[in-house]
Amino acid sequence: MRFFADVTPLRRSADFRRLWCGNTVSWLGQQMTALAVSLQVYAITGSTFSVGLVGLFSLVPLIVAGLYGGAVADTVDRRALGLVSASGAALLSVVLAGAALLGLRQVWLLYAVVALQSVCFAMSTPARSSMIPKLLPREQLPAANALSSLTTNLGLMGGPMLGGAVVGLWGFQAAYLIDVAAFSASLYAMWRLPSMRPEPAGVTGPAGAAGAAGVFADRRPQGRASVRGGLRFLVTRPNLRITFLADLAAMVLAQPRALFPAIAGLWYGGDTKTVGLLVAAPAVGAVLGGLFSGWLGRIHRHGLAVLLSVAGWGTAVTVFGLTRNLWLGLLFLALAGCADSISAVFRTTMLQAATPDDMRGRLQGVFIVVVAGGPRLGDFLAGSAADLASPSWAVVGGGLACLAAIAFIAAQWRNFARYDARSPQP
């Protein structure tokens with residue numbers, strides 16, 4: 001049982017349990033809506049290019065609002081920000097359901113709603129992530145983040161499947177209405193939370209110095225938090241900065257996702273079903289990594305764990321590029337997904353534990369930008385490399401470039417590998 005997901009945070013904190021359950025339900029609904037919007041755009045236009053624009057309309061607001069959402073989360077009550085942004089996202093799903101019920105076939109409306117949903121997501125995510133260190137002691141953060149990672153990957157797997165089934169049986173409006181109902185779980189969880197105002201510099205919650213939070217519980221940070229201040233803090237904190245560099249090394253240099261349609265036919269002689277298997281394999285590995293994450297809480301060298309996890313991603317992608325057996329390829333993609341989920345747990349834990357509370361929102365905003373933008377940039381790089389050479393060269397070269405980059409990072413910043421979670425230093 002020591003290797004299964006550690007559910008101690010769910011047992012020990014009722015607030016975290018409600019927040020995790022609410023996020024799980026609402027995330028599943030959001031993924032259903034994401035698929036339903038893509039299907040509806042294609043049903044209206046019959047154009048894959050128009051479907052591709054859905055991603056663009058969601059990405060740009062996510063990147064822009066992610067930075068400012070983090071600054072807002074370091075200025076106002078995070079509970080209130082979470083409630084307002086989640087309520088806004090629920091109302092936007094109501095708009096989608098109403099448009100579908102009325103038979104409105106306006107693609108611009110769908111694009112506008114998707115863009116506004118991204119803004120709501122970018123505003124709420126830094127607030128939610130910054131709450132977790134206030135609800136749990138530091139030693140339980142790896143387990144909490146493993147559970148959050150499990151939620152994310154289960155939603156990415158199950159949401160589209162449920163969304164496709166619901167749209168097929170009852171139409172687009174049914175998926176949107178289910179999403180509205182799912183948001184109620186997240187809203188209820190945040191409604192039950194106490195006030196979550198950012199604390200002054202040098203003060204931490206349960207994840208930091210014992211008892212300090214109670215002394216300053218009603219104090220507010222001085223002035224308005226700025227995006228520039230958050231970036232300046234990140235630049236001067238090597239351990240936190242390297243967590244972002246390590247993730248970019250994996251997601252930008254060794255991201256084979258854009259090549260799956262070509263790989264399915266050229267390497268395996270497959271069709272769209274093969275593409276589906278390739279896309280699903282990393283998510284399956286990530287889910288398994290979350291289910292068997294109990295051992296993560298016993299690891300204290302988080303910096304070394306991040307380096308090894310990213311190296312594991314690069315190695316798995318490289319071997320995937322060398323194999324021409326479908327099942328072996330799926331195995332190594334699953335291993336890559338598992339390695340990425342482990343890296344995400346430790347990177348998130350370092351970000352939460354080593355960052356002062358009044359900076360957590362802004363760094364979580366940067367985290368959103370990196371997580372959202374890195375894979376998209378990786379898609380562009382992989383596609384360009386495949387056009388210039390071949391898919392095989394793009395995948396293998398990307399995996400080797402990732403390994404070279406992480407080796408350079410480890411050699412250049414040797415203290416990062418010595419980072420100890422028992423004494424977190426940014």
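This report walks through the cores, salt bridges, cysteines and a surface patch of a predicted model.

## Nonpolar cores

Let's start on the inside. The largest nonpolar core has 54 residues, and the members touching the most others are Ile263, Leu278, Trp313 and Phe320. Helix 14, which runs over residues 326–353, is the top contributor to this core with 10 residues.

Take Ile263 as a way in: leaving aside residues up to four places away in sequence, Ile263 touches Tyr268, Leu278, Phe320, Pro391 and Val395. Apart from the largest core lies another one of 25 residues, including Val37, Ala90, Ala99 and Tyr111.

## Salt bridges

The model has eight salt bridges. One of them is a local affair: Asp15 pairs with Arg18, with the closest N and O atoms 2.6 Å apart. Both sit in helix 2 (residues 14–45), and because they are three residues apart, about one helical turn separates them.

Others reach further along the chain. Asp247 and Arg347 form a salt bridge with their closest N and O atoms at 3.2 Å. Asp247 belongs to helix 10 (residues 238–253) and Arg347 to helix 14, so this pair ties together parts 100 residues apart in sequence. Both partners are buried.

Then there is Asp357 with Lys134, a salt bridge at 3.9 Å from N to O. Here helix 15 (residues 357–388) supplies Asp357 and helix 5 (residues 107–135) supplies Lys134, with the two positions 223 residues apart. Asp357 counts as buried because its relative accessibility is 0%, and Lys134 is buried too, at 14%. This pair doesn't stand alone: Asp74, Arg78, Lys134, Asp357, Arg360 and Arg362 are linked in a network of salt bridges.

## Cysteines

If you're wondering about disulfides, the count is zero. Why is Cys338 not bonded to Cys402? The sulfur of Cys402 is the closest cysteine sulfur to that of Cys338, but it is 15 Å away, which is too far for a bond.

The settings of these two cysteines are worth a look as well. Cys338 is partly exposed, with a relative accessible area of 23%, whereas Cys402 is buried at 0%.

## A nonpolar patch outside

In soluble globular proteins, nonpolar side chains tend to be buried together. On the surface of this model, though, Phe4, Val284, Leu288, Leu291 and Phe292 form a nonpolar patch, with about 410 Å² of accessible area together.

Val284 is one member to click on: this residue is in helix 12 (residues 272–291). Its relative accessibility is 34%, so Val284 counts as partly exposed.

How values were computed
Residues are numbered from 1 along each chain as its sequence is written. This is a predicted model: local features need pLDDT of at least 70, side-chain atom pairs count only at pLDDT 80 or more; totals for chains, interfaces and linings use all residues. Side-chain values use heavy atoms; hydrogens and water are left out. Patches are made of residues with over 30% relative accessible area and no salt bridge: like charges are joined within 9 Å, nonpolar side chains (Val, Leu, Ile, Met, Phe, Trp, Tyr) within 5 Å. Accessible areas come from the Shrake-Rupley method with a 1.4 Å probe; for residues, only the protein chains shown count as cover. A salt bridge is a side-chain nitrogen of Lys or Arg within 4 Å of a carboxyl oxygen of Asp or Glu. Helices (H or I, at least four residues) and strands (E, at least two) are DSSP runs, numbered from the N terminus. Buried means under 20% relative accessible area, exposed over 50%, partly exposed in between (1.4 Å probe, protein chains only). A nonpolar core is a set of buried Ala, Val, Leu, Ile, Met, Phe, Trp, Tyr and Cys residues joined through side-chain atoms within 4.5 Å. Contact means heavy atoms within 4.5 Å. A disulfide is a pair of cysteine sulfur atoms within 2.5 Å.
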